[in-house]
Amino acid sequence: MLKLLLIRHGKTYGNTLRRYIGGATDEPLCPEGIRLLQEKQYPEVSRIYVSPMIRCRQTAGLLYPDREQKEIPLFRECDFGIFENKNYQELSGEPAYQAWIDSSGTLPFPEGESMEDFCDRCCRGFEDCVEDAFGHSCSRAAAVVHGGTIMSIMSRYALPLQDYFCWQIKNGEYYELCLTKEQWEEKRQICSWKKG
C-alpha cells in the first residue's frame with residue numbers, strides 16, 4: 001500500500017491578491033505563507049516529488065528539510081496566457097476573459113494552455129511518481145505541487161468521479177491518497193483518499 005500526499009504549496013503574494021499565478025510567474029512564498037506552513041503538522045514521508053516552481057520547492061524544504069526533492073517538470077502550474085498574474089478585477093471587461101468564464105473554464109487560456117492539455121500533462125507526471133514510488137517500495141510519499149495540478153489528478157483518478165473544480169484546495173492543505181499496486185496496475189484508480 002502506498003500513501004501519497006498531494007500538498008498544495010504555501011501562500012505567495014500573488015495568492016493573497018487572488019491572481020492567476022501560473023507557470024510563467026515563479027514567485028516565492030510570502031511571510032504569511034511560511035508562517036502558516038510552520039504552524040501545521042504533516043505526516044512523515046520517505047520520498048518527495050515537487051513541481052520545479054520555487055513556491056513548491058520552498059514549501060517542500062520547509063515541511064521536509066532533510067529529504068531530497070525529485071523535480072517533476074510535468075507538475076509545473078498551468079500556462080494562463082494573457083491572464084497570468086492578473087485577478088478577476090483586473091480582467092473585468094476583457095472580452096477574452098468573459099468568454100473563458102462563460103465557457104465554465106473549458107476554453108483554452110488565450111495565448112496559454114488548454115485545460116485538457118494541462119490535465120493530461122499533470123496526470124502523466126502523477127503516473128510517473130506512482131510508478132517511481134512503487135519501484136522503490138515506498139509506503140509514504142508526498143508531491144508538493146499546485147492547486148490546479150491537484151485538481152487535475154483528483155478529477156481523473158479519485159472515486160467517486162467529480163468535476164475538476166470540486167477538488168479545489170487551500171494553500172498548505174493536502175489530500176492523502178491510498179493506492180495498492182494491484183489496483184493501480186489494473187484500473188489506474190486511487191483506492192481511497194482523505195483531506196488533510
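**Charged side chains and their partners**

Asp120 is partly exposed, with 26% of relative accessible area. That value, like the others here, comes from a predicted model. As for a partner, Asp120 pairs up with Arg156 in a salt bridge, and their closest N and O atoms sit 2.6 Å apart. This pair ties together distant parts of the chain: Asp120 belongs to helix H6 (residues 115-135) and Arg156 to helix H7 (residues 147-157), with the two positions 36 residues apart in numbering. Arg156 also counts as partly exposed, at 39% relative accessibility.

Side chains of opposite charge can pair when their charged atoms come close. In this model the tally reaches 13 salt bridges. One of them joins Arg140 to Glu176, again with 2.6 Å between the closest N and O atoms. Here the link runs between strands: Arg140 lies in strand S4 (residues 140-145), Glu176 lies in strand S5 (residues 174-179), and the two are 36 residues apart. The surroundings of the two partners don't match up. Glu176 is buried, since its relative accessible area is 6% and the cut-off for buried is under 20%. Arg140, on the other hand, is partly exposed at 23%.

Nearer the start of the chain, Glu32 and Lys11 meet through their side chains in a salt bridge of 3.4 Å, taken from N to O. Glu32 is part of helix H2 (residues 31-38), while Lys11 falls in the loop between strand S1 (2-8) and helix H1 (13-16), so to speak a link across distant parts of the chain, 21 residues apart. Both ends have some access to the outside: Glu32 is partly exposed at 32% relative accessibility, and Lys11 is partly exposed too, at 22%. Salt bridges can also join up into a network, as happens with Arg47, Lys70 and Asp132.

Then there's Arg55, which sits in helix H3 (residues 54-63). Arg55 is buried but has no salt bridge, and the nearest side chain of opposite charge, Asp26, is 4.4 Å away. Why doesn't the pair of Arg55 and Asp26 count as a salt bridge? The rule asks for a nitrogen and a carboxyl oxygen within 4 Å, so a distance of 4.4 Å misses out. Arg55 does have a polar contact, though: its side chain and that of His9 are joined at 3.5 Å. Setting aside neighbours within four places in sequence, Arg55 is in contact with several residues, including Thr12, Ile21, Glu27, Leu29, Glu77 and His146.

How values were computed. Residues are numbered from 1 along each chain as its sequence is written. This is a predicted model: local features need pLDDT of at least 70, side-chain atom pairs count only at pLDDT 80 or more; totals for chains, interfaces and linings use all residues. Side-chain values use heavy atoms; hydrogens and water are left out. Helices (H or I, at least four residues) and strands (E, at least two) are DSSP runs, numbered from the N terminus. Buried means under 20% relative accessible area, exposed over 50%, partly exposed in between (1.4 Å probe, protein chains only). Lys and Arg count as positive and Asp and Glu as negative; His and the chain ends are not counted. A polar contact is a pair of N or O atoms within 3.5 Å; within protein, one must be able to donate a hydrogen and the other to accept it, and residues adjacent in sequence count only if both atoms are side-chain atoms. Contact means heavy atoms within 4.5 Å.
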